[in-house]
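Open the model in your viewer and keep the selection tool at hand. We will take a short walk through it, one selection at a time.

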Amino acid sequence: MSFFPYIIAAWLFVVGLYGIITSRNLIHLVICLSVVQSSTYVLLLAVGYRAGAVPPVFVNIPLGTPAVDPVVQALTLTDVVVEATVTALLLALAVQAQKRFGTLDPEQLRSMQG
Amino acid sequence: MSVPARRLVFLVAAAGFAALFLWGLAGLPSFGNYQGPYGDILNRVAVPQRHVTDVVAAVNFDYRGVDTIGEEFILFVSVAGVAALLRTERAEIDVEPPEDERAIRRAETSDAVRAFCFALIAPTIVLGWDIVAHGHLTPGGGFQGGAILASGLVLIYLAGGYKTLRAVSPEEGADVAEAIGAGGFVVIGLAGLIAGAAFLQDIIPLGPVGLLYSAGTIPLINLSVGIEVAGGFLVILSEFLRQALQVRAQADARKDQEQA
């Protein structure tokens, strides 16, 4: 089972992408994109994990104690917060779509097509 | 393209992705068997070099500080985009929420929820500042603490309604806080240049490991990021709330017209 977290990351990526391409509602689509993005968090944290190691916070822990990778954790934490604001931006676009075209269904946004 | 056709294209692409992914997976060390070297090097050198105890904070705000500025400006631009998108049609209708807005909220929100949210406001804001201030010592920092601070302000809305939130944090206040936070990070970076060092290089004394006053510029950057994230989330929150009130006001106006 040592590859299980990677499989989960792949599953989240693919299932989110499937949701995006079959979506009939822009809000649903934005949530699907969040699912895709969460796969990157799982993958990042999984590649930095070391069995039995401590977190990379050396309070009352001697230096040199095996710890997990701090780089991937740093990448993930900024990403989570940035993703929240990007999601808000996409939802604002959905609000505008609803106002301009009266629908949230991407299939119905005919006037946006070429 | 129709949905079934798109699904077919997706299934073909997904099969290709699965093959490539499995191929890539075969080259990765198995889960829990981290090979390094960067994480191990940083875990060894960050405490003596930067006087932090939370190595993640040293990575974010020092070793890859320039990257984090980039990410921070993605956040800044997204918030600006939300404001630009939702403010465009403000002129169309009276932007001020209806006078009886508080009464509407009172009727919709139960007293139990309001009392509970009110009780949580102060502890949440204190916790937010605590997380921001101790980012270089324990897990936390500007990104996480800023989000908690913004949650405290959401609780003000839940307990008191839109007007109370506006009174406590005027719209311009949130805009300015966001800009100061984003600019502060860059100013701290430029201070390094002015002092004759590199951009974002630490120029103030590092202090003793493990104390609140330590780690040089990292706590200052945490503070500025915390202000930016809290301000940014607050701008987003108030733009969406204002939008909701506008839509409600438009619906009310339409109903009145139909009746007349």
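The tour below goes from one whole chain to the contact between two chains, and then to a single helix.

Keep in mind throughout that this is a predicted model.

**Stop 1: chain B.** Select chain B and colour it by secondary structure. You will find 10 helices and zero strands. Turn chain B until its long direction lies across the screen: its C-alpha atoms fill a box of roughly 75 × 55 × 40 Å along the principal axes. The radius of gyration of chain B is 24 Å, whereas a compact globule of 260 residues would have one near 18 Å. Buried residues account for 35% of the 260 residues here.

**Stop 2: where the chains meet.** Now show both chains. Chain A brings 41 residues to the contact and chain B brings 47. On the side of chain A that touches chain B, look for helix 1 (4–22), helix 2 (26–47) and helix 3 (70–101), each supplying at least two residues. Helix 3 of chain A gives the most, with 16 residues. Colour this side of chain A by class and you will see 31 nonpolar, eight polar and two charged residues.

**Stop 3: helix 1 of chain A.** Select its 19 residues; at 1.5 Å a residue they should span 27 Å, and the end C-alpha atoms are indeed 27 Å apart. Next, pick out A:Y6, A:A9, A:A10 and A:F13, which are buried. Look down the axis of helix 1 of chain A: its buried residues fall within an arc of 95°, so they line one face of the helix. An α-helix has 3.6 residues a turn, so residues three or four places apart point the same way.

What covers the buried residues of helix 1 of chain A? Add helix 2 of chain A and helix 1 (3–26) of chain B to your selection, since the cover includes both.

Definitions and conventions
Residues are numbered from 1 along each chain as its sequence is written. Chains are lettered from A and ligands numbered from 1 in the order in which they are written. This is a predicted model: local features need pLDDT of at least 70, side-chain atom pairs count only at pLDDT 80 or more; totals for chains, interfaces and linings use all residues. Two residues are in contact if their C-beta atoms, placed from the backbone, lie within 7 Å. Helices (H or I, at least four residues) and strands (E, at least two) are DSSP runs, numbered from the N terminus. Ala, Val, Leu, Ile, Met, Phe, Trp, Tyr, Cys and Pro count as nonpolar, Asp, Glu, Lys and Arg as charged, and the others, Gly among them, as polar. The expected span of a helix is 1.5 Å times one less than its number of residues. A residue is buried if 20 or more other C-beta atoms lie within 10 Å of its own, exposed if 12 or fewer, and partly exposed in between; C-beta atoms are placed from the backbone. The arc is that of the directions from the helix axis to the C-beta atoms. The radius of gyration is taken over C-alpha atoms; the globule rule is 2.2 Å times the number of residues to the power 0.38.
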